[in-house]
Each structure stands twice: as C-alpha cells, then as structure tokens.
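This report describes selected features of one protein model. Please examine the sequence and the structure before reading on.

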Amino acid sequence: MAEGCRALEALVFPWVCPICEQPGVDSPFCESCRNDLVNASGLVCERCAMPLGPWSNQVGGCFECRGRPLGFDAAIALGPYEGTIRDLCLRLKRESNAWLAPWLAKVLVDARAEVRQVPADSWVVPIPLHWRRQWQRGYNQADALARGISKRLSLRLAHPLRRVRSTPHLASAGRSERAKVMREVFEVRRRQALGGRTVLLVDDILTTGATCGAAARALKRAGAARVVVLVIGRAEGIPLK
Ligand SMILES: [Zn+2]
Ligand SMILES: [Zn+2]
C-alpha cells in the first residue's frame with residue numbers, strides 16, 4: 001500500500017526540487033525556489049553584469065568596467081555567483097547533473113527579458129573547452145546550457161569557436177603580453193555564416209571576463225555584429241583589459 005501511495009505521489013509530483021527537496025509539479029524547481037532564482041538578480045550593470053547599488057551611475061558601464069574594453073557588448077547573468085546559484089553551477093559541472101541545464105536555461109530566459117529581445121537570426125554559441133579537456137571529460141556544461149537556451153528561444157545553436165589553447169594563467173603577464181596570448185586562445189570556423197549576426201555567448205560563470213572577452217573578440221573579428229554574454233552566475237572579478 002505504501003508503495004502504491006509512493007507510485008501515485010510520483011505521478012502527481014514527478015520532481016523533487018534540487019534546492020529544497022520539496023516535491024514539484026511541472027518543473028524540478030518548486031514554486032518558491034523558482035521565484036528566488038527568477039528574482040536573484042537585483043540592479044546590475046548592463047555591460048558587465050556586476051551588481052550595483054541603487055544610486056550607481058550606469059553611463060558607459062559601472063565603476064568596475066567603465067573605460068575597459070571587455071570584448072563583448074553586454075553581459076546577462078541569472079544572479080550573483082553565491083548561495084543557491086553557486087551550488088547549482090557546481091552541480092552542473094558534473095555530467096550526471098546535465099539534466100539541470102535545460103531547466104536553468106528556462107529560468108534564465110524567464111527571468112531576464114533582455115535575453116528574449118535578440119534578432120531571430122541570432123546564434124547561441126557555447127564557450128568550448130580545449131579539445132583535450134573535452135575529450136577527457138566528454139561533457140561541457142556551457143554546451144548543455146547553450147542547447148537549452150537555443151531551444152527556449154528557438155534560436156540556432158552553433159559551434160563556430162574552437163579553443164586552440166588552454167586559457168593560461170596570466171596573473172603575472174603584462175597587458176600587451178596578456179592581450180597577445182588571449183588573442184590566440186580561440187579560432188573561428190564558418191566565418192561567412194557568422195557575418196552580421198548577434199551572438200549569445202553562453203558560459204556557466206563569468207568571473208574576470210577574460211575568456212568570454214577573448215571569445216567575443218574572435219567572433220567579432222570573424223564578422224559577428226554584436227556579442228552578448230549569457231551566464232548563470234556572475235562572480236566577483238575585475239575584468240581584464
Ligand atoms: Zn524548492
Ligand atoms: Zn560594468
């Protein structure tokens with residue numbers, strides 16, 4: 001009998017919320033946790049997605065990014081990389097939790113209206129792993145997220161970026177050396193088809209912006225008109241020039 005009840009319950013509540021473990025009906029996130037995620041972002045910089053105070057001057061970016069060439073035109077995050085969002089990002093790194101990706105993509109698209117305002121011929125492009133890491137892991141959470149976002153927005157999922165170098169540690173490098181190294185991290189294929197398009201560049205976390213910036217610059221050199229970075233978590237980190 002108890003088993004019958006559990007079977008019936010599983011039919012009515014097919015999901016267990018991965019955050020609070022309460023049963024969910026038509027989405028794994030229960031209503032309350034979903035609302036928390038949708039409202040996770042307060043006032044943020046439109047250019048670099050850093051959280052802002054209520055009276056911040058937003059002209060030309062925020063205090064963090066104003067005057068810094070970022071490589072991309074805008075950045076959109078579900079929320080700051082802390083608490084539940086940090087926990088979900090960490091889980092998503094494991095392939096066994098790849099099922100979370102389409103649901104996080106849905107919450108991100110629901111939460112941030114500006115994601116839905118891109119041209120219909122825009123491409124959704126994940127930040128790729130270096131081939132060696134991709135081969136070792138067999139899974140890239142950015143790709144899983146991008147797939148979910150492209151489905152939600154009915155936009156084309158494309159893979160024009162190739163990571164030809166692992167992202168090096170650049171803390172001690174000078175500015176021009178750093179720019180030169182980052183310039184060689186990504187290559188772009190299918191340049192002709194990319195020309196003039198808006199690209200939603202997808203990753204799980206945005207920290208210094210160096211990787212997304214390098215990818216965006218490569219896409220722009222190949223003809224992309226506009227690159228908007230889309231992530232789940234925005235971590236603190238001073239953008240690299
Ligand atoms: Zn919940
Ligand atoms: Zn900013």
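Which residue stands opposite Val199 in strand 8? In this predicted model, the residue opposite Val199 is Trp123.

## Strand 8 and its neighbours

Trp123 faces Val199 of strand 8, and the strands concerned are strand 4 (residues 123-126) and strand 8, which run parallel and are joined by 4 bridges. Strand 8 is also joined to strand 10 (residues 226-234) by 5 bridges, and these two strands run parallel as well. Here Val199 stands opposite Val227 in strand 10.

Strand 8 comprises residues 198-202, and 5 of its 5 residues are buried. In a regular strand the side chains alternate between the two faces of the sheet. In strand 8, Thr198, Leu200 and Val202 lie on one side, while Val199 and Leu201 lie on the other. Both faces of strand 8 are covered, as the residues on each side are all buried.

## The buried side of helix 3

Helix 3 spans residues 83-92, and its buried residues are Ile85, Leu88, Cys89 and Leu92. Because these residues cover an arc of only 100° around the axis, they lie on the same side of helix 3. An α-helix has 3.6 residues a turn, so residues three or four places apart point the same way.

The buried residues of helix 3 pack against several elements, among them helix 2, strand 3 (74-80), helix 4 (100-111) and helix 6 (141-153). Strand 10, which is joined to strand 8, also packs against the buried residues of helix 3.

## The first zinc site

The zinc ion (ligand 1) has four protein donors: Cys17 (SG), Cys20 (SG), Cys30 (SG) and Cys33 (SG), at 2.2 to 2.3 Å from the ion. The 4 donor atoms subtend angles of 102 to 120°, and therefore the arrangement is tetrahedral. The spacing of these donor residues in sequence is C-x2-C-x9-C-x2-C.

Cys17 and Cys33 are 16 residues apart and link distant parts of the chain. Cys17 belongs to the loop between strand 1 (15-16) and strand 2 (23-24), whereas Cys33 belongs to helix 2 (residues 31-38). Both Cys17 and Cys33 are buried.

## The second zinc site

For the zinc ion (ligand 2), the protein donors are Cys45 (SG), Cys48 (SG), Cys62 (SG) and Cys65 (SG), lying 2.3 to 2.4 Å from the ion. The arrangement is tetrahedral because the 4 donor atoms subtend angles of 101 to 114°. In sequence, these donor residues follow the spacing C-x2-C-x13-C-x2-C.

Cys62 has a relative accessible area of 2% and is therefore buried. Cys65 is likewise buried, with a relative accessible area of 0%.

Definitions and conventions
Residues are numbered from 1 along each chain as its sequence is written. Chains are lettered from A and ligands numbered from 1 in the order in which they are written. This is a predicted model: local features need pLDDT of at least 70, side-chain atom pairs count only at pLDDT 80 or more; totals for chains, interfaces and linings use all residues. Side-chain values use heavy atoms; hydrogens and water are left out. Donors are N, O and S atoms within 2.8 Å of the metal (3.2 Å for Na, K and Ca); water is not among the atoms, so sites may look incomplete. Four donors count as tetrahedral if all angles lie between 85 and 135 degrees; four count as square planar and six as octahedral if opposite donors are over 155 degrees apart and all others between 65 and 115; anything else is irregular. Buried means under 20% relative accessible area, exposed over 50%, partly exposed in between (1.4 Å probe, protein chains only). Two strands pair if DSSP finds at least two bridges between them. The arc is that of the directions from the helix axis to the C-beta atoms. Contact means heavy atoms within 4.5 Å.
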